[in-house]
Amino acid sequence: MPKRVNNIYVKNITFSKLLEAHNKCKKHKRFKKQVIEFEMNLENNLLKIGRELLNENYTFSKYFEFTIYEPKERKIKTLEYRDRVVQTWYVENFLKPYFESSYILDTYACIEKRGIHKAVDKMQEYLKRADKKFKEVWVLKCDIRKFFFNIDRKILYDLIKRKIKDKYFLNLTKKIIFYDDEIVGIPIGNYTSQIYANIYLNQLDRYIKEELKVKYLVRYMDDFVLLFDCKAKAKEYLKKIRWFLKEKLKLELNSKTAYFKAKQGVNFCGFRIWKTHRLLREQSKKKMRRKLKKFEKLYKENKVELEYILACINSWVGHAKHCNSYNLVSKMFNEFVLKK
């Protein structure tokens, strides 16, 4: 077993590190009320957080809960701004430095210099490689059922404890993970939850790569794809993955999990991918069309700023540029008219 890390908590409680966490946390939120109020007394707020962390009497606020409906209905939980600063400090100074080095190269969510488009690039690269190597390429596409809501908190805590033994760090970790009386599920919306998800599923990645010896695997959060040379292998390895998830991580695959021939194209990270090209998924196109119609209405009623509309459009166009979409983008925005 690798040597566990110790004596890391206290030395990371500095004003400069907390200020870094605040600056990262406020990105794209600087005009929100909580951020403005926090910055009005920035130095005292950060010093107070530092003292409470050092004295181990920092208390997190209760979660505020709301529902989103795109891309599907989900309950999101969020904390007060000062708690988000602490969680960012915790992630940047402990979780990322001590856990990211253990991740496999083929996992892409919430990791610097990777991300969704790198995952799509790798998926297409593996489809090309597999096509040269195999007579016929079979895809096993897996999706975990209600992933964040089914993470076992004790298993997660034990995985963290296996790497870090600093008691002060572990005490703060307990406050974050065991925030209520439930033993299963972590909140969607927390910065920590995204990193916890990678720590949790790193066990699955290593099982697939090191024990099952699968060469072609790409994972983005709870959505992952494997490539095989025949249907029988895809079927066999699906059983093994189901077993590992159930026995080791207390998770299950959902009904969208399936195996099929690669020539059908792989739905992954918002694109439909083949070895030769990729297209935007229909769901993404429909969602943007709905959004443009909504923008036309809101702009006419003076309920949305032009700057915000342009930022949303540029973000979507940037995403669409990662596939064969020139005609689609031209047609979609030729129909889009803003009037007051």
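This section describes two sheets, the helices that pack on them, two helix pairs and a cavity in a predicted model.

The sheet built from four strands is open, with the strand order β4-β5-β3-β6 and antiparallel pairing. Its edges are formed by β4 (217–220) and β6 (258–261); each has a single partner strand, so one side of each is left without a neighbour in the sheet. From one strand to the next, the twist averages 20 degrees. Strand β3 (residues 138–143) and β6 run antiparallel and are joined by 4 bridges. Within this pairing, V139 has F260 of β6 as its bridge partner. Helix α5 packs on the sheet, where β4 and β5 (223–228) are touched, and the direction of α5 makes about 160 degrees with that of β4. Strands β4 and β5 are also crossed by α9, which lies across both and runs at about 170 degrees to β4.

A further open sheet consists of 3 strands in the order β7-β8-β9, again with antiparallel pairing. Here β7 (266–268) and β9 (278–280) are the edge strands, and because each has a single partner strand, one side of each is left without a neighbour in the sheet. With direction ignored, neighbouring strands are turned against each other by 25 degrees on average. The antiparallel pair of β7 and strand β8 (residues 271–273) is held in register by 3 bridges, and F268 has F271 in β8 as its bridge partner. Helix α5 (residues 116–133) lies across β7, β8 and β9, and its course is at about 15 degrees to β8. Helix α5 is thus associated with both sheets, since α5 also touches β4 and β5 of the four-stranded one.

Two helix pairs were examined. Two packed helices are described by the angle between their axes and the distance between the axes. In the pair formed by helix α2 (residues 33–40) and helix α3 (residues 42–55), the axes come within 5 Å and cross at roughly 90 degrees. An angle of 65 to 115 degrees counts as roughly perpendicular, and α2 and α3 are therefore roughly perpendicular to each other. Residues E37, F38, E39 and M40 of α2 meet L42, N45, L46 and I49 of α3. By class, this contact of α2 with α3 comprises 5 nonpolar, 1 polar and 2 charged residues.

Helix α11 (residues 282–300) and helix α12 (residues 306–320) pack with their axes 11 Å apart, at an angle of about 170 degrees. Angles over 145 degrees count as roughly antiparallel, which makes α11 roughly antiparallel to α12. On the α11 side the contact is made by S284, M288, L292, F295 and Y299, and on the α12 side by L306, Y308, I309, C312, I313 and W316. The contact of α11 with α12 has 10 nonpolar residues, 1 polar residue and no charged residues.

The search for internal space covered the whole structure and found 1 cavity of 30 Å³ or more. This largest cavity holds about 30 Å³ of space. Its lining consists of I176, I177, Y179, I186, P187, N190, T192, S193 and Y196. At least two residues of the lining come from each of α8 (167–177) and α9 (191–211). Helix α9 gives the most to the lining, with 3 residues. Divided by class, the lining of the largest cavity has 6 nonpolar and 3 polar residues, and no charged ones. Helix α9 therefore appears in two settings, as a contributor to the cavity lining and as a helix lying across β4 and β5.

Key
Residues numbered from 1 in each chain as written. Predicted model: local features only at pLDDT ≥ 70, side-chain atom pairs only at ≥ 80, totals over all residues. Heavy atoms only, no water. Axes fitted to C-alpha atoms, helices over the stretch in contact; angles between N-to-C directions. Parallel < 35°, antiparallel > 145°, perpendicular 65-115°, else oblique. Contact = heavy atoms within 4.5 Å. Nonpolar A, V, L, I, M, F, W, Y, C, P; charged D, E, K, R; others polar. 1 Å grid on protein atoms, 1.4 Å probe; cavity = no way out; pocket = protein on both sides within 12 Å on 5 of 7 lines; lining within 4 Å. Points joined across faces, edges and corners; volume = space filled by probe spheres on them. Pairing = 2+ DSSP bridges.
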